[in-house]
Amino acid sequence: MSDFYLGSAHAVTQDGELLIASASGSQLPALAFDAKNIILVAGAQKIVPALTDAFDRLKTHVFPLEDKRMKDAGQGGSTIAKVLIFAKEPAWTGRKVHLILVNEALGF
């Protein structure tokens with residue numbers, strides 16, 4: 001179990017839901033279960049009205065850019081294999097979740 005997880009989200013809904021996609025899923029256990037402190041930093045361009053818009057953003061904007069980045073790096077491309085919807089963290093877990101929104105374009 002890790003004490004801290006630092007990362008980002010692919011989309012943030014106006015209701016505060018976070019959408020995080022992965023090809024391998026390797027980062028998802030820390031987010032979904034075991035990191036005691038989660039710090040996510042996201043650019044304001046990732047804010048969307050609702051979860052359906054978050055999935056649309058992931059498929060039509062984020063994925064093509066990540067796929068190109070992987071191919072340009074000499075890899076076979078990318079895939080969306082696993083998707084985590086982080087809706088809220090129950091208080092009884094004792095975990096702390098911090099979302100830092102930056103008013104500039106960060107990431108895809």
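Let's start with Ile47, which sits in strand β5 (residues 47-48). Helices and strands here are DSSP runs, numbered from the N terminus: a helix is H or I with at least four residues, a strand is E with at least two. This is a predicted model, where local features need pLDDT of at least 70 and side-chain atom pairs count only at pLDDT 80 or more, while totals for chains, interfaces and linings use all residues. Residues are numbered from 1 along each chain as its sequence is written, and side-chain values use heavy atoms, with hydrogens and water left out.

**Around Ile47**

With a relative accessible area of 38%, Ile47 is partly exposed. That label has cut-offs: buried means under 20% relative accessible area, exposed means over 50%, and partly exposed is in between (1.4 Å probe, protein chains only). Ile47 joins Leu99 and Leu101 in a nonpolar surface patch of about 230 Å². Patches take residues with over 30% relative accessible area and no salt bridge, joining like charges within 9 Å and nonpolar side chains (Val, Leu, Ile, Met, Phe, Trp, Tyr) within 5 Å. The areas themselves come from the Shrake-Rupley method with a 1.4 Å probe, and for residues only the protein chains shown count as cover.

**The four-stranded sheet**

Which strands does β5 go with? It belongs to an open sheet of 4 strands in the order β5-β2-β3-β6, with mixed pairing. At the edges are β5 and β6 (82-86), each pairing on one side only. Helix α2 (residues 51-72) packs on this sheet and touches β2, β3 (18-22), β5 and β6; the helix direction makes about 30° with that of β3. Contact means heavy atoms within 4.5 Å, and such angles run from 0 to 180 degrees between N-to-C directions, with axes as lines fitted to C-alpha atoms, for helices over the stretch in contact.

Strands count as paired if DSSP finds at least two bridges between them. Strand β2 (residues 11-13) and β5 run parallel and are joined by 2 bridges. Thr13 stands opposite Val48 in β5.

**The three-stranded sheet**

There is also an open sheet of 3 strands, in the order β1-β4-β7, and its pairing is parallel. The edge strands are β1 (4-7) and β7 (96-102), each with a partner on one side only. From one strand to the next, the twist averages 10°.

On one side, 4 bridges join β1 to β4 (residues 37-43). Phe4 stands opposite Asn37 in β4, and Gly7 stands opposite Leu40 in β4. On the other side, β4 and β7 pair over 7 bridges, again in the parallel sense. Here Ala42 has Leu101 in β7 as its bridge partner. That brings back Leu101, one of the residues in the patch with Ile47.

Why is β4 described as largely enclosed by the rest of the structure? Because 5 of its 7 residues are buried. In a regular strand, side chains alternate between the two faces of the sheet. For β1, the covered face has Tyr5 and Gly7, and the uncovered one has Phe4 and Leu6.

Ser2 lies in the segment before β1. Ser2 is partly exposed, at a relative accessible area of 25%. Leaving aside neighbours within four places in sequence, Ser2 is in contact with Ala30, Asp34, Ala35 and Lys36. The C-alpha atoms of Ser2 and Arg69 are 29 Å apart, although 67 residues separate them along the chain.

**Salt bridges**

Side chains of opposite charge can pair when their charged atoms come close. How many salt bridges are there? The count comes to 4, taking a salt bridge as a side-chain nitrogen of Lys or Arg within 4 Å of a carboxyl oxygen of Asp or Glu. Among them are these:

| Pair | N to O distance |
|---|---|
| Arg69 and Glu66 | 2.8 Å |
| Lys71 and Asp67 | 3.0 Å |
| Glu89 and Arg95 | 3.1 Å |

Arg69 and Glu66 both lie in helix α2, 3 residues apart, or about one turn of the helix. Lys71 and Asp67 are in helix α2 too, 4 residues apart, also about one turn.

How covered are these residues? Arg69 is partly exposed at 42%, and Lys71 is partly exposed at 47%, whereas Asp67 is buried at 13%. Glu89 counts as partly exposed at 23%, while Arg95 counts as buried at 12%.
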